[in-house]
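Please look over the sequence and the model below before reading on. The paragraphs that follow go from the pocket to the ligand, and then to the backbone.

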Amino acid sequence: MSEFDPIPTDPAPIEPLTVGARPYDFTFDPASTALVLIDMQRDFLEPGGFGESLGNDVTQLRGTIEPLRAVLAAARAAGLTVIHTREGHLPDLSDLPPAKLHRGNATLKIGDPGPKGRILIRGEYGQDIIDELAPVEGETVIDKPGKGAFYATAFGDVLAEKGITSLIVTGVTTEVCVHTTVREANDRGYECLVLSDCVGSYFPDFQRVALEMVAAQGGIFGWVAPSTEFLTALAPLSTAAATAS
Ligand code: C5J
């Protein structure tokens, strides 16, 4: 290096990004933010799985897939941390409380053989993530026995290791595993943005009210925004990466 060379500088720090959200703008630092995809599993989104066995119409959830695909692609392009979760139990059911096994009038109970393998059992085809959103190398997959992603998992440790403080929350179902995870995260000090068209419920009324509950009272659990707002905020990073490659 000669005396005329410019002094090397650190790469420009990434500025915080802002998403138009309810109840007010959500600001996040991409370096400390994770996209979380909750339980986008065949057992919930396809016929013959746990969701359908409980009497639900699984087509109600399928509208989440395309917007979430776009969000996942943008997050990957922007270099965001991506974490998937899967609800499910060990083959010997040792992590399945009897209360969960016996609750509901399911035609097929957890552990029973179904058309896509044993219902909600880890390692079975039906318990895995749908092809459209399959994890890629380097993405964390958290297997969870409960509704919340923190309960009896390494989720909290993974977030701490990666320095994550903000979560972009997507997945199914809005009022069950998404809500439980957002509430758990909120109590642990994480800032959560729920993407309204990337979360889904079997019950349209629950979908609407569950989202309202997150943003009510000045954002009692977090923020809510459509995915288009998030994609707009992320565009400087995701399109820059696409142009560079
Ligand atoms: C349910 C989930 N609904 N992932 N699980 O039982 O929301």
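**The pocket, its ligand and the backbone**

Sorted by class, the residues that line the largest pocket comprise eleven nonpolar, four polar and seven charged ones. The model is a predicted one, and the values given here are computed from it. The largest pocket holds about 420 Å³ of space, and among the 22 residues of its lining, those closest to the centre are Phe44, Phe50, Leu54, Lys147 and Val176. Three helices, namely helix 2 (50-53), helix 4 (98-102) and helix 6 (174-187), each contribute at least two residues to this lining, and helix 6, with three residues, gives the most.

What takes up the space of the largest pocket? The ligand does, and the residues that surround the ligand are Asp39, Phe44, Phe50, Glu87, Lys147, Val172, Thr173, Val176 and Cys177. When this shell is divided by class, five of its residues are nonpolar, one is polar and three are charged.

Polar atoms of the protein approach the ligand at several places, and both side chains and backbone are involved. On the side-chain part, a polar atom of Asp39 lies 2.7 Å from a nitrogen atom of the ligand, while a polar atom in the side chain of Lys147 lies 2.8 Å from an oxygen atom of the ligand. On the backbone part, a polar atom of Val172 is 3.1 Å from a nitrogen atom of the ligand. How much of the accessible area that the ligand has on its own does the protein cover? Of the 230 Å² concerned, the protein covers 92%.

Some residues of the ligand shell also deserve a look for their backbone geometry. Asp39, whose side chain was described above as lying 2.7 Å from a ligand nitrogen atom, has a phi near 55°, which is a positive value in a residue other than glycine; Asp39 is placed in the loop between strand 3 (33-38) and helix 1 (42-45). Val172, which offers a polar backbone atom to a nitrogen atom of the ligand at 3.1 Å, is joined to Thr173 by a cis peptide bond with an omega of about -10°. Thr173, itself among the residues that surround the ligand, is found in the loop between strand 8 (166-172) and helix 6, and helix 6 is the helix that gives the most to the lining of the largest pocket.

Another cis peptide bond joins Arg22 and Pro23, with an omega of about 5°, and Pro23 has its place in the loop between strand 1 (17-19) and strand 2 (26-28).

Key. Residues numbered from 1 in each chain as written. Predicted model: local features only at pLDDT ≥ 70, side-chain atom pairs only at ≥ 80, totals over all residues. Heavy atoms only, no water. Near = heavy atom within 4 Å. Polar contact = N/O pair within 3.5 Å; in protein donor to acceptor, adjacent residues only side chain to side chain. Areas by Shrake-Rupley, 256 points an atom, 1.4 Å probe, with all protein chains shown as cover. 1 Å grid on protein atoms, 1.4 Å probe; cavity = no way out; pocket = protein on both sides within 12 Å on 5 of 7 lines; lining within 4 Å. Sits in = over half its atoms within 2 Å of the grid points. Nonpolar A, V, L, I, M, F, W, Y, C, P; charged D, E, K, R; others polar. Points joined across faces, edges and corners; volume = space filled by probe spheres on them. Helix = DSSP H or I, 4+ residues; strand = E, 2+ residues; numbered from the N terminus.
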